[in-house]
Amino acid sequence: MDHSFQLVAGTIFIALTFDFINGFHDAANSIATVVSTRVLPPKVAVLWAAFFNFIAAFLFGTAVAKSIASGIIDPKQASSYVILAALAGAITWNLITWYYGLPSSSSHALIGGLAGAGIARAGFDVLVREPKLVLFGWHVPGLGAKWVQTLAFIVISPLLGFVIGLALMVMCAWIFRRKSPTTVDTLFRRLQLMSAAAFSIGHGANDAQKTMGIIAGALLAGGYLNADEFAHGWGPYKWYIILAANGAIALGTYFGGWRIVHTMGSKIAKLQPVGGCCAETAGALTLFMASYFGIPVSTTHTITGAIVGVGSTRRLSAVRWGVAQQIVWAWILTIPASALVAAIVYLLMQNLLHVS
C-alpha cells in the first residue's frame, strides 16, 4: 500500500477520532441543562443531542471549515505531519481537561495545535496575516481576519451568551409573572426540548466543521485535492467529508462525558426548565451567528456564559463563581497548552522520523 495513502488515511482517522472526542468532551454543552432540569433522562438526552448534531450537516455550509483550513496557518505548510501533531496537541489537552472535569474548548485546542505544529515546522511566519480584518474602514494590524475574529470571540461568545441569556430570562419572568409556577414549569419542560435541539444543531454546525477543514487539509497535503478544489468545495470528497465529520461528532456526543455534564449542569448554577430553555436558546443563537459568518467559536464558552447570565438573574450568589473562575483559566491556557504539546510532537517526529 502506498505510503502517502497510509499517511493520509491515518491522518483522517485521527481527525475523526478528535471529532469523536470533541463530541464526547462537549456533550455536556448540548445536554447539561436538559439533564440538570430533569426534562430528559441522561440516556435519552444524549441520543436527542447526537441526532441533532448530525442533522446540522444538512443545514449549514462550510464557512467555519474554510476558516480552519486556510485562515490559521499557511495551507502550503500544513503537511500531513503538521496536521498529525496538531491533532495530538488538541486531543491531549481535551483528555486532560476531560479528566479534571473542566469544560475547555475543543475548538481552541485544535487552533492552538495547528499554530504550534506550524510554528515548529516553519516559524512564526506560518501564521496567516492576510486578509486583515476591516472595522469601520480601519485595517486591524497583526494577524489575519480569522485569527482576530477567533481570539476576539473567546471573549465575545460568552458575553453574547450571557447578555442574551439574561435578556431572555428577564423577558420570560415579565411575560409569565402572573402564571403559576406549575404552569410555567410544564410549558418550559416542553420548550426546552426544542432549545436543546437548537443548541445541538449549533454545536454540530460549528464544531464538526473544524474537523472538516482538517480533513480537507490532509487531502490537499496528500495530493488528493488540488489547490482549486481545496478552495472551492473539496471536489468529489465534499459530502464524504461533511457526513464523516458530523457522524463522528454525533457518535461522540451519544457516548457523552458525564464529568463535564455535572460541572455544566449543576456546579455553575442550579437551573429550572425556564432557565435551561433560556440558556440553550441564547447559546444556539450565538452559535448560529458565528457559523454563518465562518467564525470558529467555542460551544463551551457560549453555553457557560449563557448559564451564568441566566443564573445571575436570581441573584449573583446563585452563580458559583469559584467554578466559573477555574473554567476561565482552562480557556486562557487552552491555545498555548495545546500549541506547546503539538510543537513538541512535531519536533519529536522531525527528529525520529526525519520528516520535513
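**Exercise 1. Which helices each supply at least two residues of the lining of the second largest cavity?**

Before we start, two notes on the material. This is a predicted model, in which local features need pLDDT of at least 70 and side-chain atom pairs count only at pLDDT 80 or more, while totals for chains, interfaces and linings use all residues. Residues are numbered from 1 along each chain as its sequence is written, and side-chain values use heavy atoms, with hydrogens and water left out.

*Step 1: the terms.* On a 1 Å grid over the protein atoms alone, a cavity is a set of points where a 1.4 Å probe fits but cannot get out, and lining residues have an atom within 4 Å of a point. Grid points are joined across faces, edges and corners, and a volume is the space filled by probe spheres set on the points. Helices (H or I, at least four residues) and strands (E, at least two) are DSSP runs, numbered from the N terminus.

*Step 2: the lining.* Have a look at Ala-56, Ala-57, Phe-60, Gly-61, Thr-62, Gly-204, Ala-205, Gln-209, Met-212, Ile-242 and Asn-246, which line the second largest cavity. Its volume is about 40 Å³.

*Step 3: the helices.* Helix 7 and helix 9 (238–255) are the ones, each with at least two residues in this lining. Helix 7 has the largest share, 4 residues.

*Step 4: the classes.* Ala, Val, Leu, Ile, Met, Phe, Trp, Tyr, Cys and Pro count as nonpolar, Asp, Glu, Lys and Arg as charged, and the others, Gly among them, as polar. Sorted this way, the lining has 6 nonpolar, 5 polar and no charged residues.

**Exercise 2. Describe the largest cavity.**

*Step 1: count and volume.* There are 2 cavities of 30 Å³ or more, and the largest one holds about 90 Å³ of space.

*Step 2: the lining.* Among its lining residues you will find Ile-68, Ile-73, Leu-114, Ile-214 and Phe-230. The elements that give two or more residues to this lining are helix 3 (63–70) and helix 7 (181–221). Once more helix 7 provides the largest share, with 4 residues.

*Step 3: the classes.* Here the lining divides into 10 nonpolar, 2 polar and no charged residues.

**Exercise 3. Find the centre of contacts in the largest nonpolar core.**

*Step 1: the terms.* Buried means under 20% relative accessible area, exposed over 50%, and partly exposed in between (1.4 Å probe, protein chains only). A nonpolar core is a set of buried Ala, Val, Leu, Ile, Met, Phe, Trp, Tyr and Cys residues joined through side-chain atoms within 4.5 Å.

*Step 2: the members.* The largest core has 50 residues, and Ile-73, Met-212, Ile-214 and Trp-234 touch the most other members. Helix 1 (3–36), helix 4 (80–99) and helix 13 (321–352) are among the elements that give two or more residues to this core. Helix 4 gives the most, 10 residues.

*Step 3: one member up close.* Leaving out residues up to four places away in sequence, Ile-73 touches Ala-78, Val-82, Leu-114, Ala-115, Gly-118, Val-126, Leu-127 and Val-128. A contact here means heavy atoms within 4.5 Å.

*Step 4: another core.* A second, separate core has 21 residues, including Cys-172 and Ala-290.

**Exercise 4. Why do Cys-172 and Cys-278 not form a disulfide?**

*Step 1: the rule.* A disulfide is a pair of cysteine sulfur atoms within 2.5 Å.

*Step 2: the distance.* The sulfur of Cys-172 has its closest cysteine sulfur in Cys-278, 3.8 Å away, and this is too far for a bond. The structure therefore holds 0 disulfides.

*Step 3: the surroundings.* Cys-172 is buried, at 11% relative accessibility, and Cys-278 is buried too, at 2%.

**Exercise 5. Check two unusual backbone spots.**

*Step 1: what to expect.* Most residues other than glycine have a negative phi, and most peptide bonds are trans.

*Step 2: Trp-234.* Although Trp-234 is not a glycine, it has a positive phi of about 65 degrees. Trp-234 sits in the loop between helix 8 (227–231) and helix 9 and is buried, with a relative accessible area of 1%.

*Step 3: Pro-131.* The peptide bond from Glu-130 to Pro-131 is cis, with omega near -5 degrees. Pro-131 belongs to the loop between helix 5 and strand 1 (134–135).

Note on methods
On a 1 Å grid over the protein atoms alone, a cavity is a set of points where a 1.4 Å probe fits but cannot get out, and a pocket is an open set with protein on both sides within 12 Å along at least five of seven lines; lining residues have an atom within 4 Å of a point.
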